[in-house]
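Hi,

Here is the structure I promised to pass on. Have a look at it first, and my notes on what turned up are just below.

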Amino acid sequence: MAVHDDCKLKFLELKAKRTYRFIVYKIEEKQKQVIVEKLGEPTSSYEDFTASLPADECRYAVYDFDYVTEENCQKSRIIFIAWSPDTSKVRNKMIYASSKDSFKRELDGIQVELQATDPTEMGLDVIRSRST
């Protein structure tokens with residue numbers, strides 16, 4: 001599976017310049033490549049992010065999660081989410097599962113990885129507990 005250059009460029013912008021709050025990636029089966037489907041503005045909320053994931057199709061996503069530590073320090077973590085809802089087609093799940101590791105290697109700087117089959121598996125509480 002090829003990775004469109006835009007995928008890496010937008011990720012670097014999120015990581016270095018914090019240009020985006022999140023990026024949703026989609027596999028274009030006909031072109032056999034991963035492309036950027038949606039970019040979230042820095043002001044976007046976590047709800048905006050989860051609303052941008054389709055209910056019945058797989059996606060990869062990266063979310064820039066800000067939090068405050070117990071010592072009152074502002075921190076952020078880059079979270080990679082493999083979104084694979086139970087309602088998606090088996091073929092769709094297989095393509096995303098088999099391409100995940102090679103795609104993730106293209107994105108240098110991911111700090112936390114989550115696999116989610118429904119929204120509760122990637123709730124803010126889950127992300128917070130995995131990030132701190």
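Let me start with K104. With a relative accessibility of 22%, K104 counts as partly exposed. Please keep in mind that this is a predicted model, so everything here is computed from it.

K104 has a charged partner, too: its side chain meets that of E113 in a salt bridge, at 2.3 Å from N to O. E113 also pairs with K100, where the N to O distance is 2.7 Å. That second pair ties together distant parts of the chain, since E113 lies in strand β6 (residues 112-116) and K100 in helix α3 (residues 90-106), 13 residues apart. As for how open these two are, E113 is partly exposed at 24% relative accessibility, whereas K100 comes out at 16% and is therefore buried, the cut-off being under 20%.

How many salt bridges does the structure hold in total? The count is nine. Another one joins R59 and E57, whose closest N and O atoms are 3.0 Å apart. This pair also brings together a buried and a partly exposed residue: R59 has a relative accessible area of just 4% and is buried, while E57 is partly exposed at 32%. Then there is a network of salt bridges that links R18, R21, D64 and D66.

Now for the nonpolar side of things. The largest nonpolar core has 19 residues, and those touching the most other members are Y25, V34, Y60, V62, F80, F103 and L107. Several elements each give two or more residues to this core: α1 (5-17), β2 (22-28), β4 (59-68), β5 (74-83) and α3. You will remember α3 as the helix that carries K100.

A second core, separate from that one, has 17 residues, V24, F65, W83 and A116 among them.

If you want one residue to click on in the viewer, I would pick L107. What does L107 contact once its neighbours within four places in sequence are left aside? The list is C7, K8, F11, Y25, V62 and F80. Of these, Y25, V62 and F80 are also named, like L107 itself, among the core residues that touch the most other members.

That is what I have for now. Shout if anything is unclear.

Cheers

Methods:
Residues numbered from 1 in each chain as written. Predicted model: local features only at pLDDT ≥ 70, side-chain atom pairs only at ≥ 80, totals over all residues. Heavy atoms only, no water. Salt bridge = Lys/Arg side-chain N within 4 Å of Asp/Glu carboxyl O. Buried < 20%, exposed > 50% of the residue type's maximum accessible area, 1.4 Å probe, protein only. Helix = DSSP H or I, 4+ residues; strand = E, 2+ residues; numbered from the N terminus. Core = buried A, V, L, I, M, F, W, Y, C linked by side-chain atoms within 4.5 Å. Contact = heavy atoms within 4.5 Å.
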